[in-house]
Structure formats: C-alpha cells, structure tokens
Amino acid sequence: MTYKHQVIDPLAPTMTQLFTQMGITMITGDATLVDAHTVKVGGDTYTADNFVLGTGQRPATLDIPGKEYIHDSRAFLDLPDMPQRITFIGAGIIAMEFAAMAATMGRDVHIVEFSDHALNGFNPDYVAKLQAKLTQQGVQFHFGEAVTSIAHSQQGLTVTTKSGLTIETDYVLGATGRVANVENLGLEQLGIELRAAALPLTTTCRRLYRTSTPVATSSIKYNQS
Ligand SMILES: Cc1cc2nc3c(=O)[nH]c(=O)nc-3n(C[C@H](O)[C@H](O)[C@H](O)COP(=O)(O)OP(=O)(O)OC[C@H]3O[C@@H](n4cnc5c(N)ncnc54)[C@H](O)[C@@H]3O)c2cc1C
C-alpha cells in the first residue's frame, strides 16, 4: 500500500504541472453545459468550438439489505491488508481480476454470479480456461445465484442468495457493472436524451469520440455537416 501511494499520489500534481507547461489550462469543478459552445464551472463560463465528454463511470450499486457492507473496486485497491475470506458479487472483469489476486495470496474466495457464466462477451474458450485455473486455485464459483442480502454475524458477514445459499465471509466486493456519469451535465438542455447507464446521442452531437462512457450505439446518428 505504501508503494502504491508512492507511485500514484504524485501522478495528478505531475500531470497538472506538465499540462500547464504545455499551455493546457486545468479548471477544477463540476462542469455543466449551458449550450453547444458554453460550459459553466462554478460561477464562471467558458466557450469552445467543441466539447469532449470524459466524465467516466461509477460502480453500479445493489439496493439490498446489507448494501452498506458492499465495497467497490476503489476500496478494495486501498485495503491495507487482504481479508482472509472475500466474496465477489458479479463475475465480470473486475471480480475475476481481483479474485485472481486474492486466490494467489491464498485467500478464501467466492464469486456469486447471476448468469450462468463468467466474463460475458469474452471468448468462451479462454473464459473456460481462466475459470478452470481459478477453480484449481480454490476460487468457488456460484452461478445462477442472485445476492439478496448481506448480514453481519459473529463470524463476519453472511451473504445470502435468492435460492437460499449462504456464504460466510469477511469482505464483500460488489462488481456488478458500472454506470455512466451523465447526470447534471446539462445534456437535456442540449436536446440529448439520457437513458439509464448509456448516453444516446442525437443529431445535436456532430461527432462521437468514445472513451469509456457507454453509448447506446443503435441510437447514434452522426451529423457530418
Ligand atoms: C478496477 C478497474 C480496473 C481497470 N483496469 C483497466 C485496465 O487494466 N486497462 C484499461 O484499459 N482500463 C481499465 N479500467 C478502465 C479505465 O479505468 C477506464 O476506462 C478509464 O478510467 C476511463 O477514462 P475516462 O477518462 O473516460 O474516465 P475517468 O477516468 O473515470 O475520468 C472521468 C473524470 O471526470 C470527472 N467528472 C465527472 N463528472 C464531471 C463534471 N460534471 N465536471 C467535471 N468533471 C467531471 C471525474 O471526477 C473523473 O475525474 C479499469 C477500471 C476499473 C474500475
């Protein structure tokens, strides 16, 4: 953890300094689009020919009893010590990556997944190999199971699923997907309709350069004029 902070902590100030040297102005604050060429940050407004939206994503959260015991990937990566028993909700890329770390460190790892397979959308042959390797390392997969509650117990935490499966654990990591940070950006004022977890773009947007923010591709219409 000390090493992590040694490496990561200087990055932001170093980048800010580099940007300044390159003539890039960093403005800190919540940005809201006022119109197609104006953005407001605090009490100040700035104009530009084009804007790039790079507001990223945040972890999706489960609204279940005991949700306060669910940690996200950021909290996991800030743990001073790896807990002995870890349960991951979801078998996506984040859970599989972190489960591999925990299993390699000899921890008791469970992965609870709603669907019948891990890593949806990835090559099934490779997924099967990875799953077999993790199973060999002691990771216990529970497919077709939806977590319905987490309760504090004398032994730690008890994760319960809809089918009645219970898992005793010390730490729960929720990795059930990520949602786009598209609220309060002023997109509606520009005629850009928002949908859950995606950013559908209308003809108001002349070009799309995608980073991580998910978009509903079927609704994208480019206006090349
Ligand atoms: C655990 C984990 C592991 C990952 N591993 C990998 C990997 O190995 N390889 C890989 O390629 N990718 C990986 N990713 C994905 C990668 O982190 C993202 O794709 C990348 O961070 C997306 O960059 P971004 O600039 O679009 O968004 P972000 O990095 O999320 O940055 C968005 C920024 O916008 C700011 N912001 C939001 N709203 C506003 C607003 N209204 N006004 C002003 N600022 C705002 C936020 O504060 C944030 O600083 C991983 C992600 C996670 C969570």
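## Exercises on a predicted model

Helix α2 (residues 11-21) lies largely in the open, because the number of buried residues among its 11 is zero; here a residue is buried if 20 or more other C-beta atoms, placed from the backbone, lie within 10 Å of its own, exposed if 12 or fewer, and partly exposed in between. Helices (H or I, at least four residues) and strands (E, at least two) are DSSP runs, numbered from the N terminus.

Residues are numbered from 1 along each chain as its sequence is written. This is a predicted model, in which local features need pLDDT of at least 70 and side-chain atom pairs count only at pLDDT 80 or more, while totals for chains, interfaces and linings use all residues.

**Exercise 1.** Determine the strand order of the open five-stranded sheet, and state which strands form its edges.

*Solution.* Step one is to list the pairings, where two strands pair if DSSP finds at least two bridges between them; the order that results is β5-β12-β6-β7-β8, with parallel pairing. Step two is to find the strands that pair on one side only, and these are β5 (70-71) and β8 (140-143). Step three is to inspect one edge: β5 pairs with β12 (residues 171-174) in the parallel sense over two bridges, and His71 has Leu173 of β12 as its bridge partner.

**Exercise 2.** Identify the residues with the most contacts inside the largest nonpolar core, and the element that supplies its largest share.

*Solution.* A nonpolar core is a set of buried Ala, Val, Leu, Ile, Met, Phe, Trp, Tyr and Cys residues joined through C-beta atoms within 7 Å. The largest such core has 27 residues, and those with the most contacts inside it are Phe88, Ala95, Phe98, Ala99, Ile111, Val172 and Leu173. Helix α4 contributes six residues, the largest share of this core. As for Val172, once neighbours within four places in sequence are left aside, its contacts (C-beta atoms, placed from the backbone, within 7 Å) include Tyr69, His71, Ile89, Ile150 and Val159.

**Exercise 3.** Check whether the end-to-end distance of α5 agrees with its expected span, and describe what follows this helix.

*Solution.* The expected span is 1.5 Å times one less than the number of residues, so the 13 residues of α5 should span 18 Å, and the end C-alpha atoms are indeed 18 Å apart, which agrees. Just after α5, Gly138 takes a positive phi of about 105°.

**Exercise 4.** Is Gly121 buried or exposed?

*Solution.* Gly121 lies in the loop between β7 and α5 (124-136). Because 8 other C-beta atoms lie within 10 Å, Gly121 is exposed.

Notes: Two residues are in contact if their C-beta atoms, placed from the backbone, lie within 7 Å.
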